[in-house]
Amino acid sequence: KNMEERRRFKRLQSKKILVLQKQEGKIEADLSDISTGGMKVTLKEHLKEGTVISGQFNILPDTGQFYIQGKVAWVNPRDAGYEVGIKFEKISSLPLI
């Protein structure tokens with residue numbers, strides 16, 4: 001991926017622990033950064049590219065919960081797990097069904 005593609009969306013650096021949902025159940029992730037196009041997280045378990053992920057977060061102090069659905073775009077092995085890029089497909093202030 002070229003730098004232009006990788007930086008098309010402004011990223012917000014954030015250090016939070018998120019609970020994400022995949023078809024097989026819940027997984028805990030450490031959030032590294034997030035933008036309107038996606039987010040980068042660190043996981044202890046490996047996810048395949050294309051895995052559908054959903055979750056609900058409250059990242060910004062002045063906003064309420066928001067809900068996302070996306071897919072794993074890339075995976076890089078790291079010392080204590082995997083760095084994973086998730087590309088958002090849906091973002092809403094209401095629960096996604």
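**View 1. Gly55, a buried residue in strand S4 of this predicted model.** Is Gly55 buried or exposed? Gly55 counts as buried because its relative accessible area is 13%, and the cut-off for buried is under 20%. Keep in mind that we're looking at a predicted model here. Gly55 sits in strand S4, which covers residues 52-57. Which residues does Gly55 touch, once you leave aside its neighbours within four places in sequence? They are Val19, Phe66, Tyr67 and Ile68. Take Phe66 from that list: Gly55 and Phe66 are eleven residues apart along the chain, and their C-alpha atoms are separated by 8.5 Å.

**View 2. Strands S4 and S5, side by side.** Stay with S4 and look across to S5, which spans residues 66-78. The two strands run antiparallel, and six bridges join them. Want one bridge to find for yourself? Start at Ser54 and look for its bridge partner in S5, which is Gln69. While you're tracing the strands, here's a handy rule: in a regular strand, side chains alternate between the two faces of the sheet.

**View 3. Phe57 and Phe66, an aromatic pair.** How many aromatic pairs does the structure hold? Just one. Its members are Phe57 and Phe66, and their arrangement is edge-to-face. The ring centres are 5.7 Å apart, with 75° between the planes. That angle counts as edge-to-face because it is over 60 degrees. Both Phe57 and Phe66 are buried. You've met Phe66 already, as one of the contacts of Gly55.

**View 4. The hairpin from S5 to S6.** Now follow the chain out of S5 and into S6, which covers residues 81-92. The link is a hairpin, and it joins S5 to S6 through two residues. S5 and S6 pair in the antiparallel sense, over eleven bridges. Two facing pairs make good landmarks. Pro77 stands opposite Tyr82 in S6, and Tyr67 stands opposite Ser92 in S6.

**View 5. Ser92 and what surrounds it.** Zoom in on that second landmark. Ser92 lies in strand S6 and counts as buried, because its relative accessibility is 19% and the cut-off is under 20%. Setting aside neighbours within four places in sequence, Ser92 is in contact with Phe66 and Tyr67. There's also a polar atom to look for on the side chain of Ser92: the backbone nitrogen of Leu94 lies 2.9 Å from it.

**View 6. Strand S3 meets S6.** S6 has another partner to show you. Strand S3 covers residues 38-43 and runs antiparallel to S6, with six bridges joining the two. To find your place, pick out Val41, whose bridge partner in S6 is Val84.

**View 7. Salt bridges on S5 and S6.** How many salt bridges are counted in the model? There are four. One of them brings together the side chains of Glu89 and Lys71, at 4.0 Å from N to O. Glu89 belongs to S6 and Lys71 to S5, so this pair ties together parts that are 18 residues apart in sequence. Glu89 is partly exposed, at 48% relative accessibility, and Lys71 is partly exposed too, with a relative accessible area of 35%. Another salt bridge links Arg78 and Glu83, whose closest N and O atoms are 3.2 Å apart. Arg78 is partly exposed at 43%, whereas Glu83 is buried at 15%.

**View 8. A network built from Lys22, Glu24 and Glu45.** Which residues are linked in a network of salt bridges? Look for Lys22, Glu24 and Glu45. Within this group, Glu24 forms a salt bridge with Lys22, and the closest N and O atoms are 3.8 Å apart. The two partners are placed quite unlike each other: Glu24 counts as exposed at 61% relative accessibility, whereas Lys22 counts as buried at 13%.

**View 9. How confident is the prediction?** Finish with the chain as a whole. The average pLDDT of the protein chain is 83, and 78% of the residues score at least 70. Residues 1-5 are another story, with a pLDDT below 50. Beyond near neighbours in sequence, that stretch has three contacts in the model.

Conventions
Residues are numbered from 1 along each chain as its sequence is written. This is a predicted model: local features need pLDDT of at least 70, side-chain atom pairs count only at pLDDT 80 or more; totals for chains, interfaces and linings use all residues. Side-chain values use heavy atoms; hydrogens and water are left out. Helices (H or I, at least four residues) and strands (E, at least two) are DSSP runs, numbered from the N terminus. Buried means under 20% relative accessible area, exposed over 50%, partly exposed in between (1.4 Å probe, protein chains only). Contact means heavy atoms within 4.5 Å. pLDDT is the predictor's confidence in each residue, from 0 to 100. Two strands pair if DSSP finds at least two bridges between them. Rings of Phe, Tyr and Trp (its six-membered ring) pair if their centres lie within 6.5 Å; planes under 30 degrees apart count as stacked, over 60 as edge-to-face and the rest as tilted. A polar contact is a pair of N or O atoms within 3.5 Å; within protein, one must be able to donate a hydrogen and the other to accept it, and residues adjacent in sequence count only if both atoms are side-chain atoms.
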